[in-house]
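Biologist: Can you take me through this one? I would like the fold, then a few residues.

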Amino acid sequence: MKRLGTVVQVVAHQGLLVRGDNIRPDTSLRDLPRINTFVVDKSVKRIGKVSGVIGPVNSPYITIKVFGDVSGSELKKYLNEKVYIK
């Protein structure tokens with residue numbers, strides 16, 4: 001499991017916006033998460049998939065398309081929490 005980042009916002013249509021963590025100055029495009037990679041929370045529950053990476057390589061934001069079984073109220077509990085890729 002690798003830390004993806006910290007959830008900074010719940011977005012429309014069952015999504016989360018994550019500020020990328022562990023970004024070094026020598027980060028390349030190969031080091032960024034791939035589209036459709038599974039995203040899990042700290043209890044290793046799958047919450048969604050990476051749907052996009054936006055912003056500069058050294059400080060990216062990652063958009064996550066959340067699975068349908070995660071409710072809207074449950075999304076709010078992920079604010080300011082760390083999420084991971086598997």
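Modeller: A definition before the pairings: two strands count as paired if DSSP finds at least two bridges between them. Strand 1 (residues 2-11) and strand 2 clear that cut-off, since 6 bridges join them and they run antiparallel. Bear in mind that this is a predicted model.

Biologist: How confident is the prediction, as mean pLDDT of the protein?

Modeller: The mean pLDDT is 87, and 90% of the residues reach 70 or more. Among the elements, strand 3 has the highest mean, 96, and helix 1 the lowest, 84. Where pLDDT is low, the predicted coordinates should not be read in detail.

Biologist: Fine. How many helices and strands does the protein have?

Modeller: There is 1 helix, with 6 strands. Along the sequence the pattern reads β-β-β-β-β-α-β.

Biologist: And in what order do the strands close into a barrel?

Modeller: The order is 1-2-5-4-3-6, with antiparallel pairing. From one strand to the next, the twist averages 45°.

Biologist: Back to strand 2. Which residue there is the bridge partner of Gln 9?

Modeller: Leu 17 is the partner of Gln 9. On the pairing with strand 5 (residues 61-66), strand 2 is again antiparallel, over 5 bridges. Gly 15 stands opposite Lys 65 of strand 5 there.

Biologist: How many residues of strand 2 are buried?

Modeller: Strand 2 covers residues 15-20, and 5 of those 6 residues are buried. For the protein as a whole, buried residues make up 37% of the 86.

Biologist: What about the hairpin of strand 1 and strand 2, how many residues sit between the strands?

Modeller: The hairpin has 3 residues between its strands, and His 13 takes a positive phi near 60°.

Biologist: Which residue in the loop between strand 2 and strand 3 should I look at for phi?

Modeller: Asn 36, which lies in that loop. Its phi is near 70°, a positive value in a residue other than glycine. Asn 80 is another case, with a positive phi of about 65° although it is not a glycine.

Biologist: Where is Asn 80 found, and is it buried or exposed?

Modeller: Asn 80 is in the loop between helix 1 (72-76) and strand 6 (82-85). Asn 80 counts as exposed because its relative accessible area is 64%, where the cut-off for exposed is over 50%.

Biologist: Now Val 39. Which strand is it in, and why does it count as buried?

Modeller: Val 39 is in strand 3 (residues 38-40). Val 39 counts as buried because its relative accessibility is 0%.

Biologist: What does Val 39 touch, leaving out residues up to four places away in sequence?

Modeller: The list includes Leu 4, Ile 47, Val 50, Ile 64, Val 83 and Ile 85. Ile 85 is also the bridge partner of Val 39 in strand 6. Strand 3 and strand 6 run antiparallel and are joined by 2 bridges.

Biologist: How far apart are the C-alpha atoms of Val 39 and Lys 65?

Modeller: They are separated by 9.3 Å, with the two residues 26 apart along the chain. As for contacts in general here, among those between residues at least 6 apart in sequence, 55% join residues at least 24 apart.

Biologist: Last one: what area does the protein expose?

Modeller: About 5,300 Å², of which carbon and sulfur atoms supply 52%.

Technical notes:
Residues numbered from 1 in each chain as written. Predicted model: local features only at pLDDT ≥ 70, side-chain atom pairs only at ≥ 80, totals over all residues. Heavy atoms only, no water. Buried < 20%, exposed > 50% of the residue type's maximum accessible area, 1.4 Å probe, protein only. Helix = DSSP H or I, 4+ residues; strand = E, 2+ residues; numbered from the N terminus. Contact = heavy atoms within 4.5 Å. Areas by Shrake-Rupley, 256 points an atom, 1.4 Å probe, with all protein chains shown as cover. pLDDT = per-residue confidence, 0-100. Axes fitted to C-alpha atoms, helices over the stretch in contact; angles between N-to-C directions.
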